[in-house]
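Got your viewer open? Here's a short tour, one selection at a time, with a note on what you'll find at each stop.

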Amino acid sequence: YKLFIIVQENLRNAEMLTYVHVFNISNWAQELEFVLGQKDKEQWRARDASISGMSITMMMQFMPLLEESKMEMYTELLACTMPILKDRTVLILMVLITVFDLESDESVRRIQNGFLTILRRYLQEHGLNDVEYEMQNIIKCISALPKVYNLFKEMSRE
C-alpha cells in the first residue's frame, strides 16, 4: 500500500521526463515516433503529405500559458538539455529514480539508490562525459521536474 502511494505521488513528476526526452531529441519526426501510439502513427501516416510536424520547442509557443510561464518552462527544459538524455535507457532509469523517491523511508531510499547505481554503471559504459558530471546533471534535471509539472498544471487551469 505504501509503495502504491509513493508511486502515485511521484508519477506526475516522472511523466515530465517524457517532455525532457522529447525536448532533447529536437527532431519532430523522432519526437512523434516516441510519443505516438500505433493507432496515432497510422493516422499520422494517412494525413495529407503537405501537413508537416512541429517540434516541441515550436509547439511551446502556442501553449495556453502566460508568456512568462512559457519562458520559465523553456528555461527549465533547456537546463535539462544534454546528449545523454536522448538515451532511452537513461530515461527509463530516471523514471524509476523519480518514482522511488521518498527520503523519509529507508527501504524506498535503498530501491532508489539501487537504480542510481545501475545508472552510474550504465554511464560508465555508455556515457559521453565524465560519469560524475553526467550524474550531477541528471540529478539536477530530476530536481527540476516538480517545477515543470506545476507549469503544465498551470496550463490546464488556463
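**The whole chain first**

Start with everything selected: the protein has 158 residues, and 39% of them count as buried. Keep in mind that you're looking at a predicted model.

Switch to cartoon and colour by secondary structure. You'll get eight helices and zero strands, so to speak a one-colour picture: from the N terminus on, the elements run α-α-α-α-α-α-α-α. Now show just the C-alpha trace and turn it along its principal axes, where the span is about 55 × 40 × 30 Å.

If you draw contacts, leave out pairs that are close in sequence. Among contacts between residues at least 6 apart, 63% join residues at least 24 apart.

**Surface and charges**

Next, put a surface on. The accessible area comes to about 9,700 Å², and carbon and sulfur atoms own 55% of that. Then pick out the charged side chains: there are 17 positive and 22 negative ones. How far apart do the centres of the two sets lie? The answer is 3 Å.

**Stop: the disulfide**

Now select Cys80 and Cys141 and show them as sticks. A disulfide joins the two, with an S to S distance of 2.4 Å. That falls within the 2.5 Å cut-off for a disulfide, and the count for the protein comes to one.

What does this pair tie together? Cys80 sits in the loop between helix H5 (67–79) and helix H6 (88–99), while Cys141 belongs to helix H8 (residues 131–157), so the link connects parts that are 61 residues apart in sequence. Colour those three helices separately and follow the chain from one cysteine to the other.

Zoom in on the bridge itself. Is the disulfide right-handed or left-handed? The torsion about the S-S bond of Cys80 and Cys141 is about 115°, so the disulfide is right-handed.

Before moving on, check how covered the two ends are. Cys80 has a relative accessible area of 2%, so Cys80 is buried. Cys141 is buried too, at 1% relative accessibility.

**Last stop: Glu154**

Stay on helix H8 and select Glu154, which is found there. Buried or exposed, which is Glu154? With 18% relative accessibility, Glu154 counts as buried, because the cut-off for buried is under 20%.

To see its surroundings, add Leu65 and Ser69 as sticks. Glu154 touches both of these, leaving aside residues up to four places away in sequence. Ser69 falls within helix H5 (67–79), so with Glu154 in view you're also looking at a contact between H8 and H5.

Definitions and conventions
Residues numbered from 1 in each chain as written. Predicted model: local features only at pLDDT ≥ 70, side-chain atom pairs only at ≥ 80, totals over all residues. Heavy atoms only, no water. Helix = DSSP H or I, 4+ residues; strand = E, 2+ residues; numbered from the N terminus. Buried < 20%, exposed > 50% of the residue type's maximum accessible area, 1.4 Å probe, protein only. Contact = heavy atoms within 4.5 Å. Areas by Shrake-Rupley, 256 points an atom, 1.4 Å probe, with all protein chains shown as cover. Lys, Arg positive; Asp, Glu negative; His and termini not counted. Charge placed at Lys NZ, Arg CZ, Asp CG, Glu CD.
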